[in-house]
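Visitor: Please take a close look at one part of this structure, the salt bridges. I would like a connected account of the pairs and their surroundings.

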Amino acid sequence: MSRRAQPRLREVRAAYRLLGECLEQGSDANAWRSHLLTGVQNLTGARVALYMHVDAPLSAQELVTEAFASGFMDAQEQALWAHYQATEAHRDDPFHQAFYHRTDRRRLLTRSLYDVVERREWQRTRHYNEYVAACGLADRITSSLLLPSVEPRQEQTIVLHRDAADGPFSASATHLMRLLHHELGGLLERKLALPGSIEDSSALPPRLREVLNGLLAGEPEKLIAARLELSPHTVNRHVQRIYKHYGVSGRSRLIARLRRH
């Protein structure tokens, strides 16, 4: 790596600080993903950041799930992104095809746009003109991490888009994203709940999440009931639903399980 491409020390420290902040919300996949995307936008100068899981890429069973976005400026841009997903436009997107057609089995792959496709060829595609340019976006960094505990093959993918008016990403931004995603990979499932997993508290209804927060804060059930203006019987019923959701028999086991996330 050239000196010019190396992230600055303050950028590396900011990346680790961001990971620490995500850990504080690790049991809520929606919360930590939202914070991660906002933080990555600030670190790299991206205008739009996307999070998704890509199941069985480039196969007939390919499916994009758990999509999460930050930075679209208005309803029109959000509608374009929704249309891209709904029509599965990625299936014939030349960038998508080239990026996931790996020649090796590295767990993590982080690439900038023009490391994957030729500039003039890309700018002639309908994907660029109908979706990317239509949102005022241009350069891109894509980072994809193979999730080893998920079968069939599933990749956690983070995509950063640069506003066209801001020019291309710096080389250091690509290296910073690779570093951040590498460190993130070591925290997934152990410290950060994956979306849709049993450890993901965002899957709970809002009232149960409020009760869960009280339990994790050490509040007695009577105090939780008074704070939420519920009857003790209702709170106890919610507590039992929470224990069943996490497959535990009591508060101490619940705390022990969620402290791993």
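Guide: The model is predicted, and the values below are computed from it. For context, the protein chain has 261 residues, of which 49% are buried. Eleven helices and five strands make up its list of secondary-structure elements. The C-alpha trace spans about 65 × 40 × 35 Å along its principal axes. Among contacts in the chain with a separation of 6 or more, 65% join residues 24 or more positions apart. The exposed area of the chain is about 13,400 Å², and 50% of this comes from carbon and sulfur atoms.

Now to the charges. The chain carries 36 positive and 30 negative charges, and the mean positions of these two sets lie 6 Å apart. Side chains of opposite charge can pair when their charged atoms come close. In this structure there are eight salt bridges. Three pairs and one network are described here.

Take Arg126 and Glu130. Their closest N and O atoms are 3.6 Å apart, and the two form a salt bridge. Both belong to helix α6, which covers residues 126–132, and because they are four residues apart there, about one helical turn separates them. Neither side of this pair needs a separate label for accessibility: Glu130 is partly exposed at 41% relative accessibility, and Arg126 is partly exposed at 36%.

Next comes the pair of Glu118 and Arg120, whose side chains meet in a salt bridge with an N to O distance of 3.7 Å. Here the two partners fall under separate labels. Glu118 has a relative accessible area of 38% and is partly exposed. Arg120, at 60% relative accessibility, counts as exposed, because the label applies over 50%.

The pair of Glu219 and Arg227 has its closest N and O atoms 2.9 Å apart, again in a salt bridge. Glu219 has a relative accessible area of 17% and is therefore buried, since the cut-off for that label is under 20%. Its partner Arg227 counts as partly exposed, at 43% relative accessibility. This salt bridge thus joins a buried glutamate to a partly exposed arginine.

Finally, salt bridges also link residues into a network, whose members are Arg47, Glu77 and Asp163. In that network one arginine appears together with a glutamate and an aspartate.

To bring the pairs together: the N to O distance is 3.7 Å for Glu118 and Arg120, 3.6 Å for Arg126 and Glu130, and 2.9 Å for Glu219 and Arg227.

Conventions: Residues are numbered from 1 along each chain as its sequence is written. This is a predicted model: local features need pLDDT of at least 70, side-chain atom pairs count only at pLDDT 80 or more; totals for chains, interfaces and linings use all residues. Side-chain values use heavy atoms; hydrogens and water are left out. Helices (H or I, at least four residues) and strands (E, at least two) are DSSP runs, numbered from the N terminus. Buried means under 20% relative accessible area, exposed over 50%, partly exposed in between (1.4 Å probe, protein chains only). Contact means heavy atoms within 4.5 Å. Accessible areas come from the Shrake-Rupley method with a 1.4 Å probe; for residues, only the protein chains shown count as cover. Lys and Arg count as positive and Asp and Glu as negative; His and the chain ends are not counted. The place of a charge is taken as NZ of Lys, CZ of Arg, CG of Asp or CD of Glu. A salt bridge is a side-chain nitrogen of Lys or Arg within 4 Å of a carboxyl oxygen of Asp or Glu.
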